[in-house]
Amino acid sequence: MQTAARAMSITATPAVSLDGVGKVFRSADGEKKVHALDGIDLTIAEQEFLCLLGGSGCGKSTLLRMIAGFETPTTGQVAVRGEPVRGPGPDRGVVFQDYGLFPWLTVAENIGFGPRRRGLPGADVDAAVQRFLSLVGLERFATTFPAQLSGGMQQRVAIARVLANDPAVLLMDEPFGALDSLTRETMQHELQQICDELRTTVVFVTHSVEEAVYLADRVVVMGGGPSVGTPGHVELVLPVALEHPRDITSPEFNELKRELLAVIHGTSTAALR
Amino acid sequence: MTGGPRRIRGSQGREAFTTALVALGDYLPQPPSRPPAFTYALPDAAEPTRDGRRRADGPLSGPLTAAAADLRSGRISSVELVEQALLAVEKFDGELNAVAELLAESARRDASACDVDAAAGRWRGPLHGIPLTVKDVIDVAGVPTRAGSEAYLDVPTVDATAVARARSAGAVILAKVTTHEFALGVTSPQSRNPHDILRIPGGSSGGSAIAVSTGMGLGSIGTDTRASIRVPAALSGTVGFKPTFGSVPTAGVVPLSWTMDHVAPMASTVADAALLLDVLTAPDRPPVLDAAGAGVRGLRAACPRRRSPAPSGRSRRRCTRHYAGLRSSDASSPNAPVRPPRTSTPPTPPGW
Ligand SMILES: Nc1ncnc2c1ncn2[C@@H]1O[C@H](COP(=O)(O)OP(=O)(O)O)[C@@H](O)[C@H]1O
Ligand SMILES: [Mg+2]
């Protein structure tokens, strides 16, 4: 009975939990308080792909940075697998818009950096490198340097490098924002395939409704923000139950898009008033 | 696709390294550096004391703070200060070798622009019109950075953040000054000690120490990784201060250790160094100049007893006496052992 209850609570431990999380910054001149976020309650289940969707300034990046441990919440608590977040850690890998690769390391060395730093034996490092190289389809570019690759390829390396570190959760802040739209679609498709295969937990920040509906198991629409006069907050949580790969031209897909757009436009027209 | 890896400049390398570690959850990103905003007034330095000791009735002072106040009251011009500094270069540099690159022309031009602004009542900041020198591991836009080495040459197009902050506070950059090769050493053997030319000036900010103590500019921006500000300051009788790690951004500085490099001020007196430091640090830190003349009441003093290199003889007795003096004065000094701080920064890569 007791063991069963414990087993239940173990399996039910969310990958990420945000409990009454708020963040207040000081303005650049140190004079005013900037209420970036307030009262965020969210739990992200293991293996879930969650998109944070919202216009700029509503606190998406701040929320992600608090999960990453780069910022401390002013109120509330952030926990990853039940452990309160106290700073950055290898259990959370971050993919930025501008890749952030080691420019002097080859593609293979970039991917092997995390495993090597964690002290894995050489053979295991090599195996991890091979596995993630082929996962992102860059086997032929193992000895290439990042500057010799296109933006999409560099972002593949960044994703592979973080995944090779075996994080509990993958944090992505508008990772495809700098790519052209065709590359962006390809990358979305590949990311979705990879996450389905590895069952990775992902928190993905975007301001593209289509991207969110294409990728997410759940879309969290955020609104508000200091420029609007209210702290950033959650407007709506919308599950997306469509099969992968999703057809962006299907009626169901567009119905969800419409629903999200209505909420977002509601918030942004409120901002204009 | 282009061939070969892109050549990475030193300080860009540091940035790329830390960004990549941040992505792997292995490093806390540094807060963005903000533009400086100056709020406090200069101390009244109408009667500066030459050695910068505290006068019974007033704040600390020094040549830099005095010159800044004199510029404000119109007693001297920036052009005059620059000419004085250039005279000092002419007189001393042949023997001492402090200057790596003299920027006479641009310094004269910048100084007259400062004077024009001053005449119109436009004050750029607390260093308005003050000539400074910059250690040759720190980028000055359009001027070669050589890091004291034949093997390194770069002509940066932008100022290092520290230099940009000094300029936006009104400073005039007079010269790049010499350093131990790649700042990797404490002797600066290519240069001479201004007090005794048979001796080294100390390093690696050796050029800064010579420049400050001979009047080639009123202050200098140097770096300290393993005592590179403190050693030459001690050997030349100037004031060098290594501030808290990260308080002055290292963007645009040729790195020695990505996790131990500090950009640091050097000047003739505590007040001068404090003013310079206030300009270089982020503006959200409380100004140290306000504290410079304030006595020791309320300060916490501590003395590392273990694992510190034991000074011998006279120095040790002096240290002990000063520490005892602090303890019996109004500084509260918990007699607790000081342990080196544990940092979340990654270890220095091997070979550095
Ligand atoms: N370090 C900071 N200091 C002050 N204000 C900040 C800081 N970081 C973010 N903000 C403010 O918080 C709000 C939310 O920012 P952010 O999380 O970047 O929004 P988003 O990613 O949704 O565009 C913005 O108004 C921004 O200006
Ligand atoms: Mg953002």
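This section describes the cysteines, unusual backbone geometry and salt bridges of the predicted model.

No disulfides were found, the count over all chains being zero. In chain A, the cysteine sulfur closest to that of A:Cys51 belongs to A:Cys195, at 10 Å, which is too far for a bond. Because a disulfide requires two cysteine sulfur atoms within 2.5 Å, the separation of 10 Å between A:Cys195 and A:Cys51 excludes this pair. As for solvent exposure, A:Cys51 is buried, with a relative accessibility of 0%. A:Cys195 is likewise classed as buried, at 6%.

Departures from the usual backbone geometry were examined next. Most peptide bonds are trans, and most residues other than glycine have a negative phi. Against this background, a cis peptide bond occurs in chain A between A:His244 and A:Pro245, with omega at about -15°. The proline of this pair, A:Pro245, is situated in the loop that runs between β10 (230-239) and α8 (251-272) of chain A. In chain B, a cis peptide bond connects B:Gly203 to B:Ser204, and its omega is about 10°. B:Ser204 is likewise a loop residue, placed between β3 (172-177) and α6 (206-214) of chain B.

Positive phi values were found at two non-glycine positions in chain A, described here in turn. A:Gln47, which is not a glycine, adopts a phi of about 70°. This glutamine belongs to the loop between β2 (33-44) and β3 (49-53) of chain A, and A:Gln47 is partly exposed, with 45% relative accessible area. A:Arg81, also a residue other than glycine, has a phi of about 50°. Its position is in the loop joining β4 (75-80) to β5 (83-84) of chain A. With a relative accessible area of 46%, A:Arg81 is partly exposed.

Side chains of opposite charge can pair when their charged atoms come close. Over all chains, 20 salt bridges were counted. One of them involves A:Arg81, whose side chain meets that of A:Glu46 at an N to O distance of 2.8 Å. Since A:Arg81 lies in the loop between β4 and β5 and A:Glu46 in the loop between β2 and β3 of chain A, this salt bridge ties together parts that are 35 residues apart in sequence. A:Arg81 thus combines a positive phi with a salt bridge to A:Glu46. The glutamate partner, A:Glu46, is partly exposed at 30% relative accessibility.

In chain B, a salt bridge is formed by the side chains of B:Arg108 and B:Glu83, with an N to O distance of 2.6 Å. B:Arg108 is located in helix α4 (residues 104-119) and B:Glu83 in helix α3 (residues 78-96) of chain B, so the pair ties together parts that are 25 residues apart in sequence. Both side chains belong to partly exposed residues: the relative accessible area is 39% for B:Arg108 and 29% for B:Glu83.

Another salt bridge in chain B pairs B:Asp196 with B:Arg199, at 2.8 Å from N to O. Here B:Asp196 is partly exposed, with 27% relative accessibility, whereas B:Arg199 is exposed, with a relative accessible area of 55%. Finally, salt bridges in chain A link A:Lys23, A:Arg65 and A:Glu71 into a network.

Terms used
Residues numbered from 1 in each chain as written. Chains lettered and ligands numbered in written order. Predicted model: local features only at pLDDT ≥ 70, side-chain atom pairs only at ≥ 80, totals over all residues. Heavy atoms only, no water. Buried < 20%, exposed > 50% of the residue type's maximum accessible area, 1.4 Å probe, protein only. Helix = DSSP H or I, 4+ residues; strand = E, 2+ residues; numbered from the N terminus. Salt bridge = Lys/Arg side-chain N within 4 Å of Asp/Glu carboxyl O.
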